[in-house]
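Me: Please take a close look at one part of this model. Walk me through what surrounds it, in short steps.

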Amino acid sequence: MERGVTPTPRKRRGRRCLVLGVLGVLLLVVIVAVVLGLTLTRKAHALKTTFIERCEEFKGYDCEQVWGAFQQAYVGLDPCKIPHEAYDPLIAAAPLKPACNRMMFWSKTKEVVHDFTEKSDCFLTVEETLLGSVLDGLTWCGKEGSDETFTTDCPGWTDCENNAVRSFWNRVSAAFADGACGDVSAMLNGSIATPFHPASVFASNEVKRFHFPRVKSLKVVLVTQKNFVTNCTNASLKDLQKELDPNITYECKEVAEAQIQACSSNPDKPCGTCW
Ligand SMILES: *[C@@H]1O[C@H](CO)[C@@H](O)[C@H](O)[C@H]1NC(C)=O
Ligand SMILES: *[C@@H]1O[C@H](CO)[C@@H](O)[C@H](O)[C@H]1NC(C)=O
Ligand SMILES: *[C@@H]1O[C@H](CO)[C@@H](O)[C@H](O)[C@H]1NC(C)=O
Ligand SMILES: *[C@@H]1O[C@H](CO)[C@@H](O)[C@H](O)[C@H]1NC(C)=O
């Protein structure tokens, strides 16, 4: 305002409007930033809460310590540059207990396999071990120069090879497969052209860890639906057989999804009688 000049009421009102407008915009920016910040913090907090709650269902573990070992793998790091080994301290903090003759691997059959394993208690998938269960279905990553955990804007499964989530699943699957013993089962998908796909975690990371005489046999349950496209004679399954230690007995059986679902809803059936 120029000295000695009294603004007319209209000018004054105009300026007041401008000032109020600018303040309003600033306030809005601050509110949006705070809400966004709170939401992101709350989501990251929800990840820890979920992790700890699920962990506490397993007896005899220091879940805060397991959480600490988990964070150590990715916090402060480029989320696309997390090697599998980054999770070694986590595996050491909650070693996977082998469950001979009950271990179930899977590829592209996640829903049907878990519906079955959760209800029947006959088989154990990696998602039912402590480490698999605390992180099942979750997304996380870190950022360079930050000590926080993020759950949004993280690279997806195929965005980069060594992303925080994918490296975890590769590492924990390897640990699960390293412990494989006795008669091992795998549920593969008969509705896709290549049930044993070289890029799958099962093919690239798990099968090569089955060693005789610890592992005696591998039984593939090829889940078929109406109009299924592949059967046990498929070439990819022949590749699987070739990759196996020749002393491990291999068997493949086509089993209708409906039959597996029927077994799931009849959990008192003795183990191993569904196929
Ligand atoms: C097999 O894969 C197809 C295609 O992704 C999917 O629709 C189907 O549900 C899968 N089958 C089983 C038994 O999971
Ligand atoms: C398996 O599928 C092939 C075609 O991919 C077919 O020729 C063969 O008869 C099938 N075998 C059985 C046992 O269904
Ligand atoms: C069987 O597996 C091969 C790959 O090993 C694949 O290219 C082929 O399409 C599959 N066959 C059928 C009938 O789906
Ligand atoms: C695997 O089987 C072959 C014969 O098929 C046998 O000579 C060999 O000793 C076996 N390996 C082990 C580790 O038992």
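Reply:
**A close look around Phe196**

Phe196 counts as buried, because its relative accessibility is 4% (buried means under 20% relative accessible area, exposed over 50%, partly exposed in between, with a 1.4 Å probe and protein chains only). This is a predicted model: local features need pLDDT of at least 70, side-chain atom pairs count only at pLDDT 80 or more, and totals for chains, interfaces and linings use all residues. Residues are numbered from 1 along each chain as its sequence is written, chains are lettered from A and ligands numbered from 1 in the order in which they are written, and side-chain values use heavy atoms, with hydrogens and water left out.

Now the partner ring. Phe202 also counts as buried, because its relative accessibility is 1%. How is a ring pair described? A pair of aromatic rings is described by the distance of the centres and the angle of the planes. Here is the rule: rings of Phe, Tyr and Trp (its six-membered ring) pair if their centres lie within 6.5 Å, and planes under 30 degrees apart count as stacked, over 60 as edge-to-face and the rest as tilted. By this rule there are 16 aromatic pairs. Phe196 and Phe202 form one of them, an edge-to-face pair with 5.9 Å centre to centre and 85° between the planes.

Next comes a residue that touches both rings. Leu240 is in contact with Phe196 and Phe202 (contact means heavy atoms within 4.5 Å). Its other contacts are Leu188, Val207, Leu218, Val220 and Tyr250, leaving aside neighbours within four places in sequence. Leu240 lies in helix α8, residues 235–243 (helices are DSSP runs of H or I, at least four residues, and strands are runs of E, at least two, numbered from the N terminus). Why does Leu240 count as buried? Because its relative accessible area is 0%. Ala203 is 37 residues from Leu240 along the chain, and their C-alpha atoms are separated by 7.8 Å.

Compare another ring pair. Phe168 and Trp169 are also edge-to-face, with 4.9 Å centre to centre and 75° between the planes. Both Phe168 and Trp169 are buried. Ring pairs link them with Phe51, Trp67, Phe70, Tyr74, Tyr87 and Trp140 into a cluster.

One ring has a charge over it. Lys143 lies over the face of Phe150, at 4.2 Å from the ring centre (the rule asks for NZ of Lys or CZ of Arg within 6 Å of the ring centre and within 35 degrees of the ring normal).
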